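These are my notebook entries on a structure that I went through element by element. I set down what I looked up and what I found.

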Amino acid sequence: MKAHNIFLLILGLATYITFISLKQQPYHHNYYYFGNNIYNIHIINGFTNNSSLPLIVWCSSDDDSGDIGGHALQERDDFSWSVETKFWKNTMYLCTMKLDQKRRKFQAFHGNRDVQRCNPTKHCFWLVKEDGFYFSNDEIYWQKDFSWI
């Protein structure tokens, strides 16, 4: 093949991949195409004996979705939202947690870190307890990721 034909073939393939990756698709729980995935992030108040004092959660992202707002979670309440990762961008959500005098910022979702560990369920669960923040992708096996301090 001539160099001109190879160039046109590569250009056409790149255009096709770009078009497919930008195409809007309807939401589906386990939806997957060209590196784009939808993950469900959950933050659960795992404190005990704090029925009169809610866990305050405020989350935001630096991408198009921006600030998703604050929520007051009572014992065992679950706040959740969906995140669509992009092939060309590292998606991140930063959340601030506050309960009485305890306060901590953490990455509730970071594409480079969480895409693999949230699979195969595509759910990322955070259980916030007195001694720290626990992660699970199935709500059965929990791993402590970090403490409040």
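Which cysteine forms a disulfide with cysteine 59, and how far apart are their sulfur atoms? I found that cysteine 59 is bonded to cysteine 95, with the sulfur atoms 2.0 Å apart. I note at the outset that the model is a predicted one.

Entry: the disulfides.
I counted two disulfides in the structure. For the pair of cysteine 59 and cysteine 95, I placed cysteine 59 in strand E3 and cysteine 95 in strand E6, so this disulfide ties together parts that are 36 residues apart in sequence. The torsion about its S-S bond is about 110°, so I recorded the cysteine 59 to cysteine 95 bridge as right-handed. Both cysteine 59 and cysteine 95 are buried.

I then turned to the other pair, in which cysteine 118 is joined to cysteine 124 with an S to S distance of 1.9 Å. Here the S-S torsion is about 125°, so the disulfide of cysteine 118 and cysteine 124 is right-handed. Cysteine 118 has a relative accessible area of 0% and is buried; cysteine 124 is likewise buried, at 0%. Counting the bonded cysteines along the chain, I wrote the pattern as 1-2, 3-4.

Entry: strand E3 and its partners.
I next examined E3, the strand that holds cysteine 59. Its covered face consists of Leu55, Val57, Cys59 and Ser61, whereas Ile56, Trp58 and Ser60 make up the uncovered face. E3 pairs with strand E4 (residues 67-73) in the antiparallel sense, over six bridges. Within that pairing I found serine 60 opposite aspartate 67 of E4. E3 is also joined to E6 by six bridges, and these two strands run antiparallel. Tryptophan 58 has threonine 96 as its bridge partner in E6.

Entry: the nonpolar core.
How many residues does the largest nonpolar core have? I recorded 26, and those with the most contacts inside the core are Ile41, Ile43, Leu55, Trp81, Met97, Phe106 and Trp126. The strands that each supply at least two of its residues include E2 (36-45), E3 (55-61), E5 (78-85) and E7 (102-110). E6 gives the largest share, four residues.

I took isoleucine 41 as a case to follow in detail. Neighbours within four places in sequence aside, isoleucine 41 is in contact with Phe79, Ser80, Trp81, Val83, Ala108, Phe109, Cys124 and Trp126. One of these contacts, Cys124, is the residue I had already entered as bonded to cysteine 118.

Entry: histidine 110.
Is histidine 110 buried or exposed? Its relative accessible area is 17%, and buried means under 20%, so I entered histidine 110 as buried. I located histidine 110 in strand E7. Its side chain makes a polar contact of 3.2 Å with the side chain of asparagine 90. Not counting residues up to four places away in sequence, histidine 110 touches Asn90, Thr91, Met92 and Val115.

Entry: glutamate 139.
I closed with a loop position. Glutamate 139 sits in the loop between E9 and strand E10 (143-146). Its relative accessibility is 43%, so I classed glutamate 139 as partly exposed. Beyond its neighbours within four places in sequence, glutamate 139 is in contact with Ile44 and Phe125. Glutamate 139 and phenylalanine 125 are 14 residues apart along the chain, and I noted a separation of 6.8 Å between their C-alpha atoms.

Note on methods:
Residues are numbered from 1 along each chain as its sequence is written. This is a predicted model: local features need pLDDT of at least 70, side-chain atom pairs count only at pLDDT 80 or more; totals for chains, interfaces and linings use all residues. Side-chain values use heavy atoms; hydrogens and water are left out. A nonpolar core is a set of buried Ala, Val, Leu, Ile, Met, Phe, Trp, Tyr and Cys residues joined through side-chain atoms within 4.5 Å. Buried means under 20% relative accessible area, exposed over 50%, partly exposed in between (1.4 Å probe, protein chains only). Contact means heavy atoms within 4.5 Å. A polar contact is a pair of N or O atoms within 3.5 Å; within protein, one must be able to donate a hydrogen and the other to accept it, and residues adjacent in sequence count only if both atoms are side-chain atoms. A disulfide is a pair of cysteine sulfur atoms within 2.5 Å. Two strands pair if DSSP finds at least two bridges between them.
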